[in-house]
Amino acid sequence: MSAVVALTQQLLGFNTINPPGDEAACMGWLADYLEQAGFTVQRHSFGDRRVNLIATLPGAAGGAPLGFTGHLDTVPLGNAEWQFDPFGTDVRDDRLYGRGSSDMKAAIAAFILACVRHKDAIMAGSGVVLYLTGGEETGCDGARALIASQTLPQPGALIVGEPTANYPVIGHKGALWLRCETRGKTAHGAMPHLGINAIYLAAEALGKIQHFSPGAPHPLMKQPTLNVGRIQGGLNINSVPDRTAFDVDIRTAPNLQHAEIRQRLATTLGETVFITTLVDLPAVLSAAQQRWIQQIFQLCQPLHDEPLTPRIVPYFTDASLLLPALGSPPCVILGPGEPTLAHQTDEYCLLSRLAEAEALYGEIIVQWMTDGA
């Protein structure tokens, strides 16, 4: 078994499902591993058993270090039965199964081992810094707490190891999650004329929201999207409900302002709907022609049959918050996981992609230590 597979399985063996969220044991083990490898490690707590970690391997040459980031929390297993162990013991053919294998513990194992294997080049160059977070799956809670608590070391470029099948991605959509609440007046279910039904008010609002456009399309990110993903109202069948809430997931692009979208939606829904922001994460987009981005494309091209073109992904990452805090360096989303398997039952990462990623990250590290951005 290769070292990168073994490290991935070690990380998969920790239950870091979020919610409820518990990265403490996994981060503790990983901190010890990194310290033994020569990294300087700083742990950051943002709640009961909630942990972030910053690991640095300084270089002697000066200049900005190369940054890597990844999250250790995973989504729940879901209701469907798994055919394979969700905690990483099962390998079948070219597949390593486990919750978080594609999203995104395999990538973390790959870039850590790439750093360890190229430690001499890193220490002779400008160094690396790893930003390992918890709480990403519920809206980048760990990254937000980390940024609020301290000044972070600033890299010259950042690699986000989210699942892209080793295809270099230059950005992702923003996320604006809103809770819309209607408030009525309760009454006995046999005398509904004495109350105001909040479910009916919500139904009227939902009819309007189906025809609401978040804004104009973006040349690369295309049309913004809107989805009502959850609704809850009423306490019992024989009462008029006085509260109903539905949650809206809007995915946006850099040409759209979240405050403006929220204001237009509030105007559309009217005074009977009260809106609260749950998550507000801006879109991320690096310039495709930036020199380092082009170098990444050149290093990735041998892994793909077709010529590489600028792409984005629809999901959000910690880069939404980290990039502004880090001085907005060029950023690439690049990881061995399969994008279509994130959050799926029997999630897996291809062993071949994992090996490719470790080698690819190594090439990127060596190139950075030689040429920088």
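**Entry 1: the second largest pocket**

I began with strand 11, which gives three residues to the lining of the second largest pocket, the most of any element. The model I am reading is a predicted one. I looked up the full lining and found Trp177, Leu178, Gly229, Arg230, Asp247, Val248, Asp249 and Leu278. Strand 9 (174-183), strand 10 (225-233) and strand 11 (243-252) are the elements that give two or more residues to this lining. By class, I noted four nonpolar residues, one polar residue and three charged residues there. The space in this second largest pocket comes to about 170 Å³.

**Entry 2: the largest pocket**

I then turned to the largest pocket, for which I recorded a volume of about 320 Å³. Its lining has 13 residues, and Glu137, Arg251, Tyr315, Phe316 and His343 are the closest to its centre. I noted the classes in the lining of the largest pocket as six nonpolar, two polar and five charged residues.

**Entry 3: arginine 243**

I returned to strand 11 to look up arginine 243, which is placed in that strand. Arginine 243 counts as partly exposed because its relative accessibility is 46%. Its side chain and that of glutamate 181 are joined by a polar contact of 3.5 Å. Leaving out residues up to four places away in sequence, I found that arginine 243 touches Glu181, Thr182, Arg183, Ala198, Gln232, Gly233 and Gly234. I also checked leucine 201: its C-alpha lies 9.6 Å from that of arginine 243, with the two positions 42 residues apart in sequence numbering.

**Entry 4: the nonpolar cores**

Which residues have the most contacts inside the largest nonpolar core? I found Leu34, Phe39, Leu66, Leu130, Leu132, Trp292 and Tyr361, in a core of 59 residues. Helix 3 (residues 101-117) gives the most to this core, namely 11 residues. I followed leucine 130 further and, setting aside neighbours within four places in sequence, listed its contacts as Leu34, Phe39, Leu53, Ile54, Ala55, Phe68, Phe111, Ile112 and Cys115. Another core lies apart from the largest one; it has 17 residues, including Val129, Val160, Val169 and Val284.

**Entry 5: helix 8**

I looked up helix 8 (residues 291-300) and listed its buried residues as Trp292, Ile293, Gln295, Ile296, Phe297 and Cys300. Trp292 also stands among the residues with the most contacts inside the largest nonpolar core. The elements that cover the buried residues of helix 8 include strand 3 (66-71), strand 7 (157-160), strand 15 (331-333) and helix 10 (351-371). At the start of the helix, I found a side-chain oxygen of glutamine 290 within 2.8 Å of the backbone nitrogen of tryptophan 292.

**Entry 6: serine 126**

Is serine 126 buried or exposed? I recorded serine 126 as buried, because its relative accessibility is 13%, and the cut-off for buried is under 20%. Serine 126 sits in the loop between helix 4 (119-124) and strand 6 (127-133). Its side chain reaches the backbone oxygen of alanine 64 at 3.0 Å. A polar contact of 3.1 Å also joins the side chain of serine 126 to that of tryptophan 368. Beyond its neighbours within four places in sequence, I listed contacts of serine 126 with Gly59, Ala61, Gly62, Gly63, Ala64, Pro65, Trp368 and Met369.

**Entry 7: methionine 1**

I found methionine 1 in the segment before helix 1 (3-12). Methionine 1 counts as exposed because its relative accessibility is 76%. Not counting residues up to four places away in sequence, methionine 1 touches Ala6 and Gln9. From methionine 1 to arginine 230, I recorded 43 Å between C-alpha atoms and 229 residues in sequence. Arginine 230 is one of the residues that line the second largest pocket.

**Entry 8: backbone details**

Where are the cis peptide bonds that I looked up? One joins asparagine 18 and proline 19, with omega about 0°. Another runs from proline 19 to proline 20, with omega near 10°. Proline 19 is in the loop between helix 1 and helix 2 (24-36), and proline 20 is in the loop between helix 1 and helix 2 as well.

I also noted arginine 49, a residue other than glycine with a positive phi, near 60°. Arginine 49 lies in the loop between strand 1 (40-47) and strand 2 (50-58) and is partly exposed at 42% relative accessibility. Lysine 222 has a positive phi near 60°. I placed lysine 222 in the loop between helix 6 (198-209) and strand 10; with a relative accessible area of 51%, lysine 222 is exposed.

Key:
Residues are numbered from 1 along each chain as its sequence is written. This is a predicted model: local features need pLDDT of at least 70, side-chain atom pairs count only at pLDDT 80 or more; totals for chains, interfaces and linings use all residues. Side-chain values use heavy atoms; hydrogens and water are left out. A nonpolar core is a set of buried Ala, Val, Leu, Ile, Met, Phe, Trp, Tyr and Cys residues joined through side-chain atoms within 4.5 Å. Buried means under 20% relative accessible area, exposed over 50%, partly exposed in between (1.4 Å probe, protein chains only). Helices (H or I, at least four residues) and strands (E, at least two) are DSSP runs, numbered from the N terminus. Contact means heavy atoms within 4.5 Å. On a 1 Å grid over the protein atoms alone, a cavity is a set of points where a 1.4 Å probe fits but cannot get out, and a pocket is an open set with protein on both sides within 12 Å along at least five of seven lines; lining residues have an atom within 4 Å of a point. Grid points are joined across faces, edges and corners, and a volume is the space filled by probe spheres set on the points. Ala, Val, Leu, Ile, Met, Phe, Trp, Tyr, Cys and Pro count as nonpolar, Asp, Glu, Lys and Arg as charged, and the others, Gly among them, as polar. A polar contact is a pair of N or O atoms within 3.5 Å; within protein, one must be able to donate a hydrogen and the other to accept it, and residues adjacent in sequence count only if both atoms are side-chain atoms.
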